[in-house]
Amino acid sequence: MGYNVTVLAGDGIGPEIMAVTQTVLTQVLAQSEQQIQFNAQLFGGAAIDVTGSPFPPATQAAVATADAVLLGSVGGPKWDEATERPEQGLLALRKQMGVFANVRPVKIFSAVKHLSPLREERLEAVDFVVVRELLGGLYFGEPKYFNEKEGVDTLRYDKASIERIVHYAFKLAATRKGELTSIDKANVLASSKLWRQTVEEIAPLYREVRVTHLYVDAAAMHLIQRPAQFDVIVTENMFGDILSDEASVLGGSLGLLPSSSHAQAGRAALYEPIHGSAPDIAGQDCANPIGMLLSAAMMLRQSFQLEAEATQIETAVETALAAGFLTKDLGGQTSTRAFGAKISELIERSGANVTTNIV
Ligand SMILES: NC(=O)C1=CN([C@@H]2O[C@H](COP(=O)(O)OP(=O)(O)OC[C@H]3O[C@@H](n4cnc5c(N)ncnc54)[C@H](O)[C@@H]3O)[C@@H](O)[C@H]2O)C=CC1
Ligand SMILES: CC(C)CC(=O)C(=O)O
Ligand SMILES: [Mg+2]
């Protein structure tokens, strides 16, 4: 038995960072005498190549019975003209799982903060979370088509979808510094007007949380100019996608950031790094596996309540960075596999220490 995790390695660097992460997960859980079962399934371009679909029925069935889903990344130039692209499979996966709340924590690792394009004093105390609505907006709206004359996307949000993500964000802010920033484009977009109005209606239910509204264009500037002043950001699907990639630059690399995506209580969650399949570096054993490793740590903590095991992975990542083990994106030469081996070595040692202390 044990924890049943559906593994979707996907495309590009996905399989490389997933391999490292599965080794580390197996090791951490073996140390604490827990069992984890990986159910690897075809997904994305890799699934198109074999079955013609990015999210084939066997993968759908495995996801439906999983305790949690761990995803690498999908997409790549090979499938850019496919009838159904790998990215469509990702949207279908999120929809099937009902994961409406994508949580993207942004923290700065002190060992690499000199790599940030920002001055170090601006990074002091940066610690915020982007809560991105994941099942609505332009990525899902119908009609959606393009032909020789026009391309059409539809930006639609119903009130219930806004309410559930806004409640999620308020609850999270109440457990943190109590600052919620809602980001929209209510000066232009109808869906944003409803968004802002809904936030205002819900705010009185959470008196301990202070709410600020920002337009998305200005927010893009404030994220760089005063990142330390954010606590929880709540925003719609596409704004959250763009702003979180922007925010990753604060810490030095897109490869560092993890995420978790949540449905209603009781349903399985999805864990994936925020980056894509990085075709430009795929197959070179140089991708940064940290976003993937930290996503796995989030899975241990949030889906399986394995706090100590999650912390073990997070601590090992910090220790490895501090010891100078840096992948290419961070200016170093450590390979993906060598970084994974270092994490395993550190976990082996920390496990031995725990045992010694108990004895
Ligand atoms: N969740 C997912 O599976 C996502 C998939 N994509 C797909 O990925 C493909 C590539 O998209 P891009 O726009 O290039 O975005 P990307 O996030 O894959 O890469 C952007 C840049 O960041 C670098 N990078 C990303 N992750 C890295 C890591 N772990 N270590 C080191 N460097 C890293 C890449 O080398 C590249 O220079 C596209 O097909 C896109 O649709 C994009 C975003 C999310
Ligand atoms: C590939 C897209 C469907 C989404 C995306 O970029 C993301 O979720 O970060
Ligand atoms: Mg993205």
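These notebook entries record what I looked up in a predicted model with two ligands.

**Entry 1. Strand S10**

I began with strand S10, which covers residues 232–235. I asked whether its two faces are buried or exposed. Val-232 and Val-234 on one side are buried, and so are Ile-233 and Thr-235 on the other; both faces of the strand are thus covered.

I then looked up the strands that pair with S10. Strand S5, residues 127–133, runs parallel to S10 and is joined to it by four bridges. Strand S8, residues 179–184, also pairs with S10 in the parallel sense, again over four bridges. At the level of residues, I noted Ile-233 as the bridge partner of Val-130. Ile-233 is likewise the bridge partner of Thr-181.

**Entry 2. Helix H10**

I next checked the geometry of helix H10, residues 290–302. At 1.5 Å a residue, its 13 residues should span 18 Å, and I found the end C-alpha atoms 18 Å apart, which agrees.

How many residues of H10 are buried? Eleven of the 13 are, so the helix is largely enclosed by the rest of the structure. I listed the buried residues as Ile-290, Gly-291, Met-292, Leu-293, Leu-294, Ser-295, Ala-296, Ala-297, Met-298, Met-299 and Leu-300. As a reminder to myself, an α-helix has 3.6 residues a turn, so residues three or four places apart point the same way.

**Entry 3. The nonpolar core**

I turned to the largest nonpolar core, which has 101 residues. Val-69, Val-131, Leu-293 and Ala-296 have the most contacts inside this core. Which element gives the core its largest share? Helix H10 does, with nine residues. I also recorded that the core draws at least three residues from each of domain 1 (1–102 + 264–359) and domain 2 (117–251).

**Entry 4. The two ligand shells**

For ligand 1, I found 21 residues around the ligand, of which Gly-75, Gly-255, His-275, Gly-276 and Asn-288 come nearest. By class, I recorded this shell as eight nonpolar, nine polar and four charged residues.

For ligand 2, the surrounding residues are Glu-87, Leu-90, Leu-91, Asp-241 and Ile-274. I sorted this shell into three nonpolar and two charged residues, with no polar residue. Which helix gives the most to the shell around ligand 2? I identified helix H4, residues 86–97, which supplies three residues.

**Entry 5. Backbone details in the loops**

I inspected the peptide bond from Glu-142 to Pro-143 and found it cis, with omega near 5 degrees. Pro-143 has its place in the loop between S5 and strand S6 (145–146).

I then examined residues with positive phi that are not glycine. Ala-125 has a phi of about 70 degrees and lies in the loop between helix H5 (120–123) and S5. Is Ala-125 buried or exposed? I counted 10 other C-beta atoms within 10 Å, and because the exposed class takes 12 or fewer, Ala-125 is exposed.

Asp-285 also has a positive phi, near 55 degrees. I located Asp-285 in the loop between strand S12 (269–271) and H10. With 15 C-beta neighbours inside 10 Å, Asp-285 counts as partly exposed, because a residue in that class falls between the limits of 12 or fewer for exposed and 20 or more for buried.

Conventions: Residues numbered from 1 in each chain as written. Chains lettered and ligands numbered in written order. Predicted model: local features only at pLDDT ≥ 70, side-chain atom pairs only at ≥ 80, totals over all residues. Pairing = 2+ DSSP bridges. Expected span 1.5 Å × (residues − 1). Near = placed C-beta within 6 Å. Nonpolar A, V, L, I, M, F, W, Y, C, P; charged D, E, K, R; others polar. Core = buried A, V, L, I, M, F, W, Y, C linked by C-beta atoms within 7 Å. Domains from an automatic or database assignment.
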